[in-house]
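Colleague: Got a minute to walk me through the model you have open? I'd like the helix packing and the chain contact.

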Amino acid sequence: MSVSASTIWLVIVVLAVGTFALRFSFLGMIGGRQIPGWALRLLRYTPVAVIPGLMAPQVARPLADTGLPDPALLSAVAVTLLVGVWRKNAIWAMLAGAATLAAVTLLT
Amino acid sequence: MTTDAHAITPRQSFWQGLRHGGPFVLIVGPFGVVFGVVATDAGLSLAQTMGFTIAVIAGAAQLTAVQLMTEHAPTVIVLVTALAVNLRMAMYSASLAPHIGAAPLWQRALIAYLMVDQAYATSILRYEQQPGLSLRAKVAYYFGVVSLICPVWYLGTLVGAMAGNQIPAGVPIGAAVPIAFIALIGPMLRTLAHVAAAMVSVVLALALSGLPYNLGLLVAALAAMATGALVETWQQRDAR
């Protein structure tokens with residue numbers, strides 16, 4: 001990584017302080033004031049709003065030789081998602097995805 | 001569990017928490033290893049990798065930050081995006097506050113520091129099922145839940161960071177990140193609103209991936225959050 005060590009430490013410190021502030025926010029306020037309903041409704045979707053968008057360009061990125069996305073990664077991700085939705089269990093999803101990745105990588 | 005909740009001592013409550021949180025080490029351990037390997041692979045030192053894991057304790061946000069730094073995103077974008085991934089923690093905090101908001105400040109600070117997804121989900125379920133638990137029993141339960149999860153997270157990262165350099169070049173470590181992330185997302189897609197939010201996120205992130213500074217992801221995430229909230233509102237209106 002060409003990012004300097006001081007930048008990495010800056011990211012670590014700011015992320016640590018910011019994350020603590022988010023975690024402490026409502027617990028820290030005495031009396032446990034209620035968060036407005038509309039805000040809760042938005043916050044509820046943050047993981048599913050951020051993570052798929054973060055991963056999509058990486059999964060769909062074309063390979064240098066074929067100009068198409070990596071078939072091993074695409075199939076592993078598809079299996080991970082399907083097993084996750086079906087079994088409602090992150091461990092099984094992760095194992096199934098890793099097994100698919102290994103199988104497709106070895107076969108091709 | 002229909003025992004009289006008032007009779008449960010903090011000590012018993014702690015051990016119950018430990019037992020209920022225990023199985024999650026099966027997720028947290030491997031996820032820690034993935035972060036350790038990916039961070040080392042990206043060029044972070046052992047101290048930086050462990051610094052991340054101990055100071056932040058939020059795997060998804062940590063992987064997001066490392067991923068964006070590898071893509072040379074500007075530092076402000078790295079921070080804003082990684083903190084956006086952690087916005088849900090404020091929701092957890094709001095949801096726990098009515099139960100344990102009256103605990104001493106140092107306990108609330110420690111609870112906040114150790115607030116990981118599994119600790120929140122396990123504890124809030126317990127508090128809702130056993131409303132009669134004393135404040136001390138509730139706090140003890142929470143500490144029981146995290147007392148295996150968090151050390152295993154540190155240890156997993158350490159193992160990954162130390163093993164990272166010895167993994168042969170042919171092994172597709174890069175693919176571990178999408179698999180680890182998407183494994184977490186699958187079980188969350190339990191309502192139409194969640195599915196709609198995830199789809200908007202994917203489509204807009206792909207369509208806007210040409211925007212500078214990874215701004216496409218921020219736009220996609222905000223639009224996806226709004227989509228989830230709107231679909232939820234519509235469904236509630238239709239249900240009436």
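Modeller: Sure, let's go through the chains, then the packing inside them, then the contact between them. Keep in mind that this is a predicted model.

Colleague: Start with chain A. How many helices and strands does it have?

Modeller: Chain A has five helices and zero strands. From the N terminus the order is α-α-α-α-α.

Colleague: And what's its radius of gyration against that of a compact globule?

Modeller: Chain A comes out at 20 Å, whereas a compact globule of 108 residues would be near 13 Å. The C-alpha trace spans about 60 × 40 × 25 Å along its principal axes.

Colleague: What share of chain A is buried?

Modeller: Of its 108 residues, 42% count as buried. As for contacts in chain A between residues at least 6 apart in sequence, 28% of them join residues at least 24 apart.

Colleague: OK, now chain B. What's the secondary structure there?

Modeller: Chain B has 12 helices and zero strands. Its radius of gyration is 20 Å, close to the 18 Å from the globule rule for 240 residues, so chain B is as compact as a globular protein of that length.

Colleague: What box does it fill, and how much of it is buried?

Modeller: The C-alpha atoms of chain B take up a box of roughly 60 × 55 × 30 Å along the principal axes. Buried residues account for 52% of the 240. In chain B, 78% of the contacts between residues at least 6 apart in sequence join residues at least 24 apart.

Colleague: Back to chain A for a second. How do H4(A) and H5(A) pack?

Modeller: H4(A) covers residues 71–87 and H5(A) covers residues 90–107; they pack at an angle of about 155° with axes 8 Å apart. The two helices are therefore roughly antiparallel to each other, and H4(A) passes H5(A) in a right-handed crossing.

Colleague: Which residues make that contact?

Modeller: On the H4(A) side they include Ala72(A), Ala76(A), Val79(A), Val83(A) and Arg87(A). From H5(A) you get, among them, Trp92(A), Ala93(A), Met94(A), Leu101(A) and Val104(A). By type, the residues of this contact are 13 nonpolar, six polar and one charged.

Colleague: Let's switch to the contact between the chains. How many residues does each chain put in?

Modeller: Chain A gives 64 residues and chain B gives 74 residues. On the chain A side, the elements giving two or more residues are H1 (5–28), H2 (37–43), H3 (46–60), H4 and H5.

Colleague: Which of those gives the most?

Modeller: H1(A), with 19 residues. The chain A side as a whole divides into 45 nonpolar, 15 polar and four charged residues.

Colleague: I was looking at H10(B). How many of its residues are buried?

Modeller: H10(B) is mostly covered, with 10 of its 10 residues buried. Among them are Pro178(B), Ile179(B), Phe181(B), Ile182(B) and Leu184(B).

Colleague: What covers them?

Modeller: Both chains do: the cover includes H3, H4 and H5 of chain A, together with H2, H4 (59–70) and H11 (192–207) of chain B.

Colleague: Take the partner in its own chain, H2(B). What's the geometry with H10(B)?

Modeller: H2(B), residues 25–41, and H10(B), residues 176–185, pack at about 150° with their axes 10 Å apart. That makes H2(B) roughly antiparallel to H10(B). The crossing is left-handed.

Colleague: And which residues meet there?

Modeller: Phe31(B), Val34(B), Val37(B) and Val38(B) of H2(B) meet Ala176(B), Val177(B) and Ala180(B) of H10(B). These are seven nonpolar residues, with no polar and no charged ones.

Colleague: Now across the chains. How does H3(A) cross H10(B)?

Modeller: Their axes come within 10 Å and cross at roughly 145°. Here H3(A) passes H10(B) in a left-handed crossing.

Colleague: Who's in contact?

Modeller: From H3(A) it's Val48(A), Ile51(A), Pro52(A), Met55(A), Gln58(A) and Val59(A), and from H10(B) it's Pro178(B), Phe181(B), Ile182(B) and Ile185(B). That contact divides into nine nonpolar, one polar and no charged residues.

How values were computed
Residues are numbered from 1 along each chain as its sequence is written. Chains are lettered from A and ligands numbered from 1 in the order in which they are written. This is a predicted model: local features need pLDDT of at least 70, side-chain atom pairs count only at pLDDT 80 or more; totals for chains, interfaces and linings use all residues. Helices (H or I, at least four residues) and strands (E, at least two) are DSSP runs, numbered from the N terminus. The radius of gyration is taken over C-alpha atoms; the globule rule is 2.2 Å times the number of residues to the power 0.38. A residue is buried if 20 or more other C-beta atoms lie within 10 Å of its own, exposed if 12 or fewer, and partly exposed in between; C-beta atoms are placed from the backbone. Two residues are in contact if their C-beta atoms, placed from the backbone, lie within 7 Å. Axes are lines fitted to C-alpha atoms, for helices over the stretch in contact, and angles run from 0 to 180 degrees between N-to-C directions. Angles under 35 degrees count as roughly parallel, over 145 as roughly antiparallel, 65 to 115 as roughly perpendicular and the rest as oblique. A crossing is left-handed if the near helix is turned anticlockwise from the far one by less than a right angle, and right-handed if clockwise. Ala, Val, Leu, Ile, Met, Phe, Trp, Tyr, Cys and Pro count as nonpolar, Asp, Glu, Lys and Arg as charged, and the others, Gly among them, as polar.
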